[in-house]
Amino acid sequence: IPVVLHEAPFAKNATYDVEAFDNCAYGAEMMDELAARMGEKGVYVSFTGSLTNDTHMAWQNCAYDRQLEAYPDMERLGLYESKEDQEISYQIFKDLLKTNPEIKGMTGSSAGDVVAIGRAVREAGLTDDIYVVGTTIVSYAGELIATDDIDIGMAWDPGRAGKAMCVVLEKVLKGEEIVTGDDLGVAGYENVSVVENEYGTKVVYGSAWIEFNSATMNDPAYNF
């Protein structure tokens with residue numbers, strides 16, 4: 001029985017895992033977007049839904065590596081765990097602002113964390129002073145994106161990811177192999193790369209992340 005997964009690049013006992021993008025490249029892009037808004041200097045914080053979530057941690061670790069490499073005048077105050085609870089990230093960030101008013105930015109892995117920090121920024125009247133960049137979707141965070149309390153939302157289209165998975169599974173059932181350079185016929189998956197993980201699962205990487213802000217959030221392509 002062929003098994004095709006999504007968001008599981010470290011999985012065992014699967015045939016293929018389909019990833020919308022390389023997680024490290026996504027984390028680096030998150031940092032590049034934040035750095036551009038912060039003028040490449042100042043203090044920022046990072047949030048993850050869980051310290052044991054491999055994907056969330058890959059994004060934040062690679063964002064941090066990118067900052068150390070390219071933006072030496074920026075400083076990460078810390079990496080904070082919300083346990084996927086908006087109230088936890090909201091309260092942590094509010095407390096951080098009291099003791100560290102110099103905070104100018106935030107990167108977030110969890111959609112809920114990004115919404116919580118955007119809410120805290122709006123309530124503090126710091127929309128123009130603190131930049132919020134991270135993973136979320138328009139249907140979840142649209143109100144805060146529209147007012148620039150969340151500056152950049154990053155995500156991937158789950159429908160396209162699902163279609164790419166179906167294409168991979170169909171090819172497997174036909175006895176075909178997915179190799180680097182293949183075009184799956186799905187936007188963002190026209191030139192995939194394939195890497196076998198340490199457990200023998202073949203991981204298929206697309207280039208399918210999306211970004212939206214207050215000017216672009218109403219594009220029908222982001223209507224999910």
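Here are three short exercises on this predicted model, each with a worked solution.

Residues are numbered from 1 along each chain as its sequence is written. In this predicted model, local features need pLDDT of at least 70 and side-chain atom pairs count only at pLDDT 80 or more, while totals for chains, interfaces and linings use all residues; side-chain values use heavy atoms, with hydrogens and water left out.

**Exercise 1. The overall build**

Work out what the protein is built from, and why it counts as compact as a globular protein of its length.

Step 1: Start with the elements. The protein has six helices and 10 strands (DSSP runs numbered from the N terminus: H or I of at least four residues for helices, E of at least two for strands).

Step 2: Now the compactness. The radius of gyration is 18 Å, close to the 17 Å that the globule rule gives for 224 residues, so the protein is as compact as a globular protein of that length. (The radius is taken over C-alpha atoms, and the rule is 2.2 Å times the number of residues to the power 0.38.)

Step 3: Add the dimensions. The C-alpha trace spans about 60 × 35 × 30 Å along its principal axes.

Step 4: Check burial. Of the 224 residues, 49% count as buried (under 20% relative accessible area, 1.4 Å probe, protein chains only).

**Exercise 2. Helix α5**

Find which residues of α5 are buried, and what covers them.

Step 1: Go to residues 138-146, where Val-138, Ala-141, Gly-142, Leu-144 and Ile-145 are buried.

Step 2: Look at the cover, which includes α4 (111-123) and β10 (209-212).

Step 3: Step just past the end of α5, and you meet Asp-148 with a positive phi of about 65°.

**Exercise 3. The cavities**

Track down the cavities of 30 Å³ or more and sort their linings by residue class.

Step 1: Search the whole structure, and two turn up. (On a 1 Å grid over the protein atoms alone, a cavity is a set of points where a 1.4 Å probe fits but cannot get out; lining residues have an atom within 4 Å of a point. Points are joined across faces, edges and corners, and the volume is the space filled by probe spheres set on them.)

Step 2: Take the largest, at about 50 Å³. Its lining includes His-6, Glu-7, Phe-21 and Trp-156, and divides into four nonpolar, three polar and two charged residues. (Ala, Val, Leu, Ile, Met, Phe, Trp, Tyr, Cys and Pro count as nonpolar, Asp, Glu, Lys and Arg as charged, and the others, Gly among them, as polar.)

Step 3: The second largest holds about 40 Å³. Trp-156 appears in this lining too, along with Asp-157, Arg-160, Ala-187, Tyr-189, Ala-208 and Ile-210. By class, that gives five nonpolar, no polar and two charged residues.

Notes: On a 1 Å grid over the protein atoms alone, a cavity is a set of points where a 1.4 Å probe fits but cannot get out, and a pocket is an open set with protein on both sides within 12 Å along at least five of seven lines; lining residues have an atom within 4 Å of a point. Buried means under 20% relative accessible area, exposed over 50%, partly exposed in between (1.4 Å probe, protein chains only). Contact means heavy atoms within 4.5 Å.
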